[in-house]
Amino acid sequence: MNVGDTQIWRRVFILALALFAVYQFGLSLLATLSPFLMLLLLAWLISIAMEPPVSWFERRGYRRGLGAGVVLIGLVVFGLLFFGTFGGLMFSQLASAVAAAPQVALNIIDWLNTTFELGLDANQILASANLDSTSLTPIVSELAGGLLGLLGSVFTGIFDLLTILVFAFYLSAEAPRAKRTIASWLKPDKQRIFITVWEIAVHKTGGFVVSRVLLASISATAHIFFFWAIGVPYWLPMGLFAGITAQFVPTIGTYLGIAVPAMFSLTSEPMDAAWILVFATVYQQIENYVLGPRISRATMDMHPAIALASVFVGTAVFGAIGALIGIPIMAGILAVADTYGHRHELISEIDDGITASAD
């Protein structure tokens with residue numbers, strides 16, 4: 001090997017080491033910034049959800065910043081009023097529900113063993129599901145302290161909340177300026193595509209988020225009042241759980257939101273579980289045929305399988321919060337793909353074959 005080849009291999013080796021170092025630094029930087037990036041993502045979704053009322057203010061001649069501030073302050077005031085009114089009751093009921101979860105699980109396992117002769121090991125199941133007293137005691141202690149106790153034990157929670165609110169305000173108030181700034185860095189033929197993609201993503205994703213939030217609020221309110229009326233244990237957190245999971249966890253969310261309060265009702269009043277199923281069935285018909293079409297008129301439809309997959313992927317990538325943000329992100333992606341995608345008509349042989357198999 002001559003001197004020239006040695007120098008070439010040395011440069012290749014140095015370049016490989018440099019690329020590896022940059023790669024490791026990028027991974028380390030991403031791991032460090034991932035919590036902050038998650039906060040930015042949540043702030044972006046909130047700013048998108050704020051877009052309809054902010055645009056309403058803007059169309060009436062008010063400055064966009066003023067509209068964003070009014071909407072955000074309204075959300076904060078509503079949250080403070082809600083937690084100020086129901087926060088203590090909700091957290092106390094939630095703490096009691098978490099503490100009672102092992103006994104509820106034991107009762108269900110005993111019923112399954114007695115009814116179907118399964119021979120399930122209750123202690124092993126509780127340990128594998130982290131429902132033993134050792135793992136639940138710290139959670140119960142934090143919940144018993146209420147919202148202030150929960151945030152007080154984790155000071156970063158307050159800072160994260162403020163970060164989300166501040167960035168949500170700026171992302172909403174400065175959206176037009178940010179759009180123009182980013183578009184100015186693109187070539188003229190790409191600017192129109194960028195603006196179109198931006199507007200579609202904001203319109204469709206924002207509409208989807210707003211519709212889900214409205215439907216979840218109505219569903220949670222209806223379930224809370226019904227659970228309270230029939231005396232379901234822990235009716236406030238159970239009603240919130242039923243309303244939120246039904247809207248943000250597709251397909252199985254409706255059944256999961258009803259199964260949990262029904263199982264807790266079985267331990268105190270088994271007949272309440274039947275009433276919960278009846279109410280859920282009736283309410284689901286009202287939502288599907290009355291509320292849903294009117295509230296979701298301006299949003300896009302998403303196949304249940306795609307929505308469920310987006311929840312699983314969001315959970316795997318972002319954790320528990322990914323179950324909530326996975327669907328809105330997928331809604332924006334599908335909206336853009338639907339605009340720029342091109343579909344072709346099926347040839348007659350394939351169309352006839354599919355029609356025949358469906359019949």
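## Overall picture

Accessible areas here come from the Shrake-Rupley method with a 1.4 Å probe. On that basis, the protein has an accessible surface of about 22,400 Å², and carbon and sulfur atoms account for 70% of that surface. Please keep in mind as you read that this is a predicted model.

The protein has 15 helices and zero strands. Its chain runs to 359 residues, and 33% of them count as buried. As for how the chain meets itself, take the contacts between residues at least 6 apart in sequence: 66% of these join residues at least 24 apart.

## The cavity and its lining

Let us look inside next. Rolling a probe the size of a water molecule over the atoms shows where empty space is left. The structure holds one cavity of 30 Å³ or more, and about 70 Å³ of space lies in the largest cavity. Four elements each give two or more residues to its lining: α9 (188–230), α10 (235–248), α11 (252–268) and α12 (270–295). Helix α12 supplies the largest share, with four residues.

If you would like to find the lining in the viewer, select Ser219, His223, Ala242, Ala246, Gln247, Thr254, Ile258, Ala280, Tyr283, Gln284 and Glu287. By residue class, the lining divides into five nonpolar residues, five polar ones and one charged one.

## Around α9, α10 and α12

Tyr234 sits in the loop between α9 and α10. This residue has a positive phi of about 55 degrees, although Tyr234 is not a glycine.

Within α10 you will find Leu240. Leu240 is buried because its relative accessible area, 19%, falls under the 20% cut-off. Not counting residues up to four places away in sequence, Leu240 touches Phe82, Met90, Ala220 and Ile224. Of these partners, Ile224 is 16 residues from Leu240 in sequence, and the two are 6.9 Å apart from C-alpha to C-alpha.

Pro293 belongs to helix α12. With a relative accessibility of 41%, Pro293 counts as partly exposed, since that class runs between 20% and 50%. Leaving aside neighbours within four places in sequence, Pro293 is in contact with Glu287 and Asn288. Glu287 also appears among the residues that line the largest cavity.

## Helix α2 and the residue after it

Helix α2 covers residues 51–59, and its buried residues are Glu51, Val54, Ser55 and Phe57. These residues lie on the same side of α2 because they cover an arc of only 155 degrees around the axis.

Just after α2 comes Gly61, which takes a positive phi of about 90 degrees. Tyr234 has a positive phi too, of about 55 degrees, without being a glycine.

## Lys179 in helix α8

One more site is worth a visit. Lys179 lies in helix α8, which spans residues 175–184. Its contacts, not counting residues up to four places away in sequence, are Phe194, Ile195, Trp198 and Glu199. For one of these pairs, Lys179 and Trp198, the C-alpha atoms are separated by 7.9 Å, and the two residues are 19 residues apart along the chain.

Key:
Residues numbered from 1 in each chain as written. Predicted model: local features only at pLDDT ≥ 70, side-chain atom pairs only at ≥ 80, totals over all residues. Heavy atoms only, no water. 1 Å grid on protein atoms, 1.4 Å probe; cavity = no way out; pocket = protein on both sides within 12 Å on 5 of 7 lines; lining within 4 Å. Points joined across faces, edges and corners; volume = space filled by probe spheres on them. Nonpolar A, V, L, I, M, F, W, Y, C, P; charged D, E, K, R; others polar. Buried < 20%, exposed > 50% of the residue type's maximum accessible area, 1.4 Å probe, protein only. Arc of directions from axis to C-beta. Contact = heavy atoms within 4.5 Å.
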